[in-house]
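Thanks for coming. I have a few slides on pockets and charged side chains, and I will keep it plain. Please look at the sequence and the model first.

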Amino acid sequence: MPDPAPPSATGPPPTFAGITAPGLAPTVRAVLERAQAEIDDLAGSSGSPATYHAAIQRLDDIVQRVEEALAPVSVLLSVAETPELRRAYNAVLPEIAAFWSRLPLHRGLWAAVQDFAATPEAAALDPLRRRNLDRMMHQFRSAGADLDDEGRGRVEEIRVELSRLERRFSENVLDATEAFRLHVTDDERPRLNGIPGTALELARHKARAKDLDGWLLTLDFPSFEPVLKYARDRELRRQLHQAYVGRCRDGELDNRPTITRILALRRELAGLLGYGDFSDYRLDDAMAGSGTRAFEFVRDLRERTLPYWERDLAMIREKAARMGIESLKPWDLAYVSEALRRERFQFDDELTRPWFPLDRVLDGLFEIVERVFGVRVEEVPARDVWHEDVRSYRLIAEDGIRLGSFHTDWFPRSGKRQGAWMATLTTGGPRPDGDFVPHTGMMAGNFAPPVPGKPALLTHRSVQTIFHEFGHLLHHCTSRVPLPSRSGMQVPWDWVEVPSQIMENWTWEREALSIFSGHHETGEPLPDDLYRRMLVARRFMGGQAQMRQLGFATLDLRLHREYDGRQELMSYAEEVLRPFVLDESFARSHILTTFSHLFAGGYASAYYSYMWSEVLEADAFGRFRREGVLSRETGAAFMDTILAQGDSREPDRMFRAFMGRDPDPEALLRRNLGEGRPAGRRER
């Protein structure tokens, strides 16, 4: 007979209003102390019969309660950090890190898991619970459960120190980004020539908010990007670019010593745990399986990309020469590329902005999701949120089940980190009693906010970003896996980007564009002529863009496979990146000291996963193209075989279930770079 239903690990959605700096540490400590007591009790029950419910499910529930109790704190630190909140969190961070480090090192807990694994019940588990048990045992072993006491103690010390260093890295990036302000007065207006009106309005609004005349330029993306792409003043481009890449390279916010120490600790950790290097440790349970295979994947893709990259560089150099730029510098690349795109295709991103007001994009995205996947999105009143810009929604399935709820936060501000991301808050799913507990999450971005008289208007690139993050959210909230530990995004890292990246494809399809585009004044959809120009320009500089990503992936892997600290860090990064960039000046302009993906996020040794996942999703979207990009039948198949499955089976099995075959490795090259190879270069 089935086990009795466990007590729900998921309570009501997390609250934010109650989180205060003075109350943060006591609340976190209470959560950790309760969880530790439960763990000790579980580990001490070795005399009782070992059952799945008493050992594995109970441990999963404890872990989930802690994760979900701490999730709102993590969200606030990413979207609304204050000095007081930062200090309060840093005071308790070592205790959080120590808790997670000790968990797989707890001898009694590991013994309880092993005791159950040896029972007849374990041998007869259904496939999902068997996978959960196997994954749990692998996580224990790879975390050091079989080490001696000295080794366990050192692993805990390393993980606690890494948590502090990674947090410091993130804080330094945030502080360095916010520290830069360039005030351009009314008398200096010619310096801003070429910058689009939307960006100028935003800069004017920022200046007025500080009681300044003129314009205020900052390093958040809506301010920084238009300067690099459109400003005719080369010195202004240089000034902004140098400020951007120069963050955290010296002074009190210098991240170089932090990076060096992080890499050394990761190298030591991998050795303690029996791996050749950190990439092998990190990728042991990924689709790639090892750092060696990931590196081979990146190296092979570079060879395939090389002729397209060389083609793009030749075009850039030729255009720069015609513009009178004899020595191309890093702050010229985006400017010259945009000028060439306008020349060749009469197109740039700013042309599309009037047709992508944020509200229209979101409404259209939700309509597409309902038509393709059968999931209805409804806005609900935003309660208990961290800022007035936050909006709240719920997702309803065709069968009436409330799948989940989520918040959105789209505009930059002080105390909010850069970029765009999706975060899980709670993991629900079906329960043994037939109930369904809704999932919860949030999405954030840093798009140009509305200015007086105009709504927030997005570039097509920003539209892609929203679709991407919603793909993550859909993956989380549509999971029907009854075990939260195998639900949603609890998947190998090089599979997790497949649902998010496949969503970007709809932003290029005419049938879909007519749903989510509409001029902010007239409501008219994106004109056919503008769409055709946008589509033709899609592959423009595809070789350059892909080579850039491969350079980052290579730097990531080589830092975690080969770097031993004997060579100066920045010089090493320049050396690694040199084959991926135009010349030495571009290699020196790397972003290592602000590369949060590697040193404050989850992508250490796994940045390649963007490209790995892109190969899979480029192929998978081919089925939608064949059967209809708004096909409900195809959407249902993708939902049933991939989105709803979480980590209930191996990713390659899910892919074959949807496509009926193994992946086509050429699909990405065909989509991003074109059908044929550029002329004038021999095959290697």
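Before the first pair, we need one term: a residue is called buried when its relative accessible area is under 20%, and exposed when that area is over 50%, with partly exposed in between. Keep in mind that what you see is a predicted model.

Now the first pair. E350 and R353 are both buried. Their side chains meet in a salt bridge, at 2.8 Å from N to O. Elsewhere, salt bridges with shared partners tie E225, K229, E338, R341, D349 and R461 into one network. In total, the structure holds 68 salt bridges. As background, side chains of opposite charge can pair when their charged atoms come close.

Next, a pair that spans the chain. Which residue does the side chain of R154 meet in a salt bridge? The partner is E268, and the N to O distance is 2.7 Å. This pair links distant parts of the chain, with R154 in helix α7 and E268 in helix α11, residues 256-272, and the two positions 114 residues apart. Are these two buried or exposed? Neither word fits, because R154 has a relative accessible area of 23%, which counts as partly exposed. E268 is also partly exposed, at 31%.

A third pair is R256 with D254. Their side chains form a salt bridge of 2.8 Å, N to O. Here the two partners fall into separate classes. R256 has 29% relative accessibility and so counts as partly exposed. D254 has 15%, so D254 counts as buried.

Now a charged residue without a partner. E469 sits in helix α17, which covers residues 460-477. E469 is buried yet has no salt bridge. How far away is the nearest side chain of opposite charge? That side chain belongs to R417, and the distance is 8.3 Å. A salt bridge needs the nitrogen and the oxygen within 4 Å, so this pair does not qualify. What does E469 touch, then, leaving out residues up to four places away in sequence? The contacts are A420, W421, M422 and M443.

Let us move on to the pockets. The largest pocket has a volume of about 590 Å³. It is lined by 24 residues, and those closest to its centre are K206, D220, P412, R413 and S414. Two elements give two or more residues to this lining: α7, residues 149-179, and α8, residues 197-209. The largest share comes from α8, with 4 residues. Sorted by class, the lining has 9 nonpolar, 6 polar and 9 charged residues. Helix α7 has come up before, as the helix that holds R154.

The second largest pocket holds about 440 Å³ of space. It has 20 lining residues, and R293, F297, W612, V615 and L616 are the closest to its centre. The elements that give two or more residues here are α13 (291-322), α25 (609-627) and α27 (651-659). Which of them gives the largest share? That is α13, with 6 residues. By class, this lining has 13 nonpolar and 7 charged residues, and no polar ones.

To close, two things to find again in the model. One is the buried pair E350 and R353. The other is E469, buried and without a salt bridge. That is all I have.

How values were computed
Residues numbered from 1 in each chain as written. Predicted model: local features only at pLDDT ≥ 70, side-chain atom pairs only at ≥ 80, totals over all residues. Heavy atoms only, no water. 1 Å grid on protein atoms, 1.4 Å probe; cavity = no way out; pocket = protein on both sides within 12 Å on 5 of 7 lines; lining within 4 Å. Points joined across faces, edges and corners; volume = space filled by probe spheres on them. Nonpolar A, V, L, I, M, F, W, Y, C, P; charged D, E, K, R; others polar. Buried < 20%, exposed > 50% of the residue type's maximum accessible area, 1.4 Å probe, protein only. Lys, Arg positive; Asp, Glu negative; His and termini not counted. Contact = heavy atoms within 4.5 Å.
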